[in-house]
Amino acid sequence: PARCPICHSPVRRRAVIDKKQEKSVALFCANLRCFAQERERLIHFAAKRAFDIDGLGEKIVGQLIDKGLISDAADIFKLTKSDLAPMERFAEKSASNLLEAINKSKIIPLPKFLFSLGIHHIGEQTVYDIAQIFQKNNIIKNPGDLLKAADKMTIDGWLAIKDIGPISAKSIIDWFLDNHNRKSLNRLAESGIIIETL
């Protein structure tokens, strides 16, 4: 399609190279704030390999977005029992369980936090390599510290990390320079997220 079926923004073609070095073409919505992309980012953020928020799956994320209760990851940590009570399939016990899972997830290892950000071209193994470099040179206790550490990195610093090439380095730099992402990290810091180092 020439236009995104969700937000109607132009669709771009992008060459993709997989781990076997096989090339293919993927279609992407050009709008980084497309509703569908935001929704998938929030699902990824709450997933087992990231924040591991038990009970916050795809359907619940969709309901929370539809009701206007969340629009970015930091909103998850501001949810209350009264927010959840009127939602479909939410009895008092299930609301309490979800809020407990959200609160429990506030302490997260650095690699899982990095993975939760959903930076293009950065997979689970690479986040461990990035975490090790960050920890050598910085004290990282919250998302604000991570932002400061990323701001100190140069293109050569990123390229020196195992498995990070020019495309991955550009993707990381662009992610940390994006104003929306910077605000989101600061909001996560204000939400009381504690990052544990390796």
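Here is a chat between a trainee and a mentor about the empty spaces and one helix of a predicted model.

Trainee: Let's start with serine 116. Why is serine 116 called buried?

Mentor: Buried means under 20% relative accessible area. Serine 116 has 3% relative accessibility, so it counts as buried.

Trainee: And where is serine 116 placed?

Mentor: In helix α6, which runs over residues 110-116.

Trainee: What does the side chain of serine 116 reach?

Mentor: The backbone oxygen of phenylalanine 113, at 2.6 Å. The cut-off for a polar contact is 3.5 Å, and 2.6 Å is the value for this pair.

Trainee: On to α11. How do you know that the span of helix α11 agrees with its 12 residues?

Mentor: The expected span is 1.5 Å times one less than the number of residues. For residues 179-190 that should give 16 Å, and the end C-alpha atoms of α11 are 17 Å apart, which agrees.

Trainee: Which residues of α11 are buried?

Mentor: Asn181, Ser184, Leu185 and Leu188 are buried in α11.

Trainee: What puts them on the same side of α11?

Mentor: The arc they cover around the axis is only 100 degrees, so they sit on the same side of α11. Lys183 and Glu190 are exposed, and these two are on the other side of the helix.

Trainee: What happens at the start of α11, and what comes just after α11?

Mentor: At the start, a side-chain oxygen of aspartate 178 comes to within 3.0 Å of the backbone nitrogen of histidine 180. Just after the helix, glycine 192 has a positive phi of about 90 degrees.

Trainee: Now the empty spaces. How do you know where empty space is left?

Mentor: You roll a probe the size of a water molecule over the atoms, and that shows where empty space is left.

Trainee: How many cavities of 30 Å³ or more does the structure hold?

Mentor: There are 2 of them. The largest has a volume of about 210 Å³, and the second largest has about 50 Å³.

Trainee: What lines the largest cavity?

Mentor: It has 15 lining residues, and Arg41, Ala73, Leu117, Trp175 and Ser184 lie nearest its centre. Ser184 is one of the buried residues of α11. Both α1 (35-46) and α11 supply at least two residues of that lining, with α1 giving the most, 5 residues.

Trainee: What is the lining of the largest cavity like by class?

Mentor: Mixed classes: 6 nonpolar, 6 polar and 3 charged residues.

Trainee: And what makes up the lining of the second largest cavity by class?

Mentor: Here you get 9 nonpolar residues, no polar ones and no charged ones. The lining residues are Leu114, Ile119, Ile122, Val127, Ile130, Phe134, Trp158, Ile172 and Phe176. Leu, Ile, Val, Phe and Trp count as nonpolar, so the list fits that tally of 9 nonpolar residues. The largest share, 3 residues, comes from α7, while α7 (124-137) and α10 (166-177) each supply at least two.

Trainee: Last one: how much space lies in the second largest pocket?

Mentor: About 300 Å³. Of its 17 lining residues, Asp52, Asp54, Ala101, Lys104 and Ser105 are the closest to the centre.

Trainee: Which helix gives the most to that lining, and what classes turn up there?

Mentor: α5 gives the most, with 6 residues. By class, the lining of the second largest pocket has 8 nonpolar, 4 polar and 5 charged residues.

How values were computed:
Residues numbered from 1 in each chain as written. Predicted model: local features only at pLDDT ≥ 70, side-chain atom pairs only at ≥ 80, totals over all residues. Heavy atoms only, no water. 1 Å grid on protein atoms, 1.4 Å probe; cavity = no way out; pocket = protein on both sides within 12 Å on 5 of 7 lines; lining within 4 Å. Points joined across faces, edges and corners; volume = space filled by probe spheres on them. Helix = DSSP H or I, 4+ residues; strand = E, 2+ residues; numbered from the N terminus. Buried < 20%, exposed > 50% of the residue type's maximum accessible area, 1.4 Å probe, protein only. Arc of directions from axis to C-beta. Polar contact = N/O pair within 3.5 Å; in protein donor to acceptor, adjacent residues only side chain to side chain.
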